[in-house]
Amino acid sequence: MTSHNQELFDASQRFIPGGVNSPVRAFRSVGGTPLFFQKGLGAYVWDADGKRYTDYVGSWGPMIAGHCHPDVVGAVQTAAANGLGFGAPTASELEMAELLCRLLPSLEMVRLVSSGTEATMTAIRLARGFTGRSRIVKFEGCYHGHSDGLLVKAGSGALTFGQPSSSGVPAEIAALTTVLDYNDAAGLERAFAQTGHEIAAVIVEPVAGNMNLVTPKPEFLAALRSLCTQYGAVLILDEVMTGFRVSLQGAQGYYDIKPDLVTLGKVMGGGLPAAAFGGRRDIMQCLAPLGAVYQAGTLSGNPVAVAAGLATLKLVQEDGFYQRLAQRATQLTEGLTASAHRHGIAFCAQSVGGMFGLYFSKTVPASYAEVMSCDKVAFNRFFHAMLDAGVYLAPSAFEAGFVSSAHTEADIDETIAKADAIFLGWK
Ligand SMILES: *Cc1c(COP(=O)(O)O)cnc(C)c1O
């Protein structure tokens, strides 16, 4: 039988570099042919061959209400019928901005953009404009989109200047980024002691979801807040993934930490391109046209994207939404862990709200180095066996997974049963 997936992938590689429009889609990490999807409904997606999968990727996070939720599709259809965009203000942008500021108390003002990359890139420019400083601090294994100053990895030796992690990023730009270890409060303190008065901003994922899933240590979060305050640096919580994913108040509410600026994306767009950054009024007022920090976007606040986001944010405000979501995620991680342990496999898992991490390791990792020492070969084998069984996990051992409100207890039980059958024949 010829596979449409394979045919589409072969053809795509002639016209699109690597056949994909974003590298992790290419399955390079796990091997094999990427799936081309033709439709989604609720907790399921169907590939080009018509095979159905239970989806734990959810478009990398946005599909918190499942695919094609009728309220979201209806809102998009209504908005589209009124015009796809004007490049001028609309009432729905005001509604979104007010809602974001109401749900996330750290937001006094907010600006809408179209991608998480734009949100973080601009938050950093804004922090630099506000402080008059150039240096930024990020953490190894955190991803904040693909702007030059954030595609940086640690140089050799503690506190040396960052090195580009992508060709095309000038070393001079990377040198302005200090890269530290996640969850290392002492390392952060040392960096501030050394260069604190040069630091414009510290940007961090409050739950790291781009190196599998790593939860923050309380002392790490406390150090972030107190050191930024002490040295006058802007604390940027990158909640593009965690915002409306771990709780209605994001990770800032879940862990009770108050950032100066916040970036949002993914869930707030409901599957369409909408993102935002916002925070303290005195900082946000530095933006053009009020202030001297320039930022713009032809499609910013696009009415169709905003409609999808508003409809999604209405659903997540329903009573018990996050409680049910977290229950499903816990059901999954506990079920998989119990099964793996029954079969003597070194495996563990955890979840925060509606996001989860699976680790082929005896203990839950707390740092980038510990994530890197998980058994990647075992993950790849598990990934492909689950894919064959009709379960779509993120095609990389270094990505968080997501459940939606469309995943039923029965869906999760079925996934656990499929994993159990795989673990049974594991040795
Ligand atoms: C996905 C993500 C981004 C980038 O968002 P895009 O919309 O893909 O540009 C930034 N930060 C975090 C934490 C993310 O998970």
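**Group meeting: loops, helix pairs and two domains**

Okay, let's start in the loop between strand E3 (52–55) and helix H2 (70–81), because that is where Ser59 sits. One thing up front: this is a predicted model. What caught my eye at Ser59 is a positive phi, about 60°, and this residue is not a glycine. For background, most residues other than glycine have a negative phi, and most peptide bonds are trans.

That second point brings me to another loop, the one between helix H9 (281–284) and helix H10 (303–316), where you'll find Pro289. The peptide bond running from Ala288 to Pro289 is cis, and its omega is near 10°.

Now, H10 also packs against something. Helix H3, residues 91–103, meets H10 at an angle of about 40°, and the two axes are 9 Å apart. So is that parallel, perpendicular or oblique? H3 is oblique to H10, because the angle falls outside the under-35-degree range for roughly parallel and the 65 to 115 range for roughly perpendicular. The crossing of H3 and H10 is left-handed. On the H3 side the contact uses Ser92, Glu93, Glu95, Met96, Leu99 and Leu100, and H10 brings Pro303, Val306, Gly309, Leu310 and Leu313. Sorted by class, the contact of H3 with H10 has 7 nonpolar, 2 polar and 2 charged residues.

On to the other helix pair. H6 (residues 185–195) and H7 (residues 218–231) pack at about 10°, with axes 9 Å apart. That angle makes H6 roughly parallel to H7, since anything under 35 degrees counts as such. Here the crossing is right-handed. From H6 you get Ala185, Leu188, Glu189, Phe192 and Ala193 in the contact; from H7, Glu219, Phe220, Ala223, Leu224, Leu227, Cys228 and Tyr231. What does that come to by class? The contact of H6 with H7 has 10 nonpolar residues, 2 charged ones and no polar ones.

Last bit, zooming out. The domain assignment splits the protein chain into domain 1, which is 4–68 + 319–424, and domain 2, which is 70–316. Taken over C-alpha atoms, the centres of domain 1 and domain 2 are 25 Å apart. How many residues are in contact across the two domains? There are 30 from domain 1 and 31 from domain 2. As you know, the size of an interface is often given as the accessible area lost when the parts come together. Between domain 1 and domain 2 the buried area is about 2500 Å², with 65% of that from carbon and sulfur atoms.

Conventions. Residues are numbered from 1 along each chain as its sequence is written. This is a predicted model: local features need pLDDT of at least 70, side-chain atom pairs count only at pLDDT 80 or more; totals for chains, interfaces and linings use all residues. Side-chain values use heavy atoms; hydrogens and water are left out. Axes are lines fitted to C-alpha atoms, for helices over the stretch in contact, and angles run from 0 to 180 degrees between N-to-C directions. Helices (H or I, at least four residues) and strands (E, at least two) are DSSP runs, numbered from the N terminus. Angles under 35 degrees count as roughly parallel, over 145 as roughly antiparallel, 65 to 115 as roughly perpendicular and the rest as oblique. A crossing is left-handed if the near helix is turned anticlockwise from the far one by less than a right angle, and right-handed if clockwise. Contact means heavy atoms within 4.5 Å. Ala, Val, Leu, Ile, Met, Phe, Trp, Tyr, Cys and Pro count as nonpolar, Asp, Glu, Lys and Arg as charged, and the others, Gly among them, as polar. Domain bounds come from an automatic or database domain assignment. Buried area is the accessible area (1.4 Å probe) that two parts lose on being put together, summed over both.
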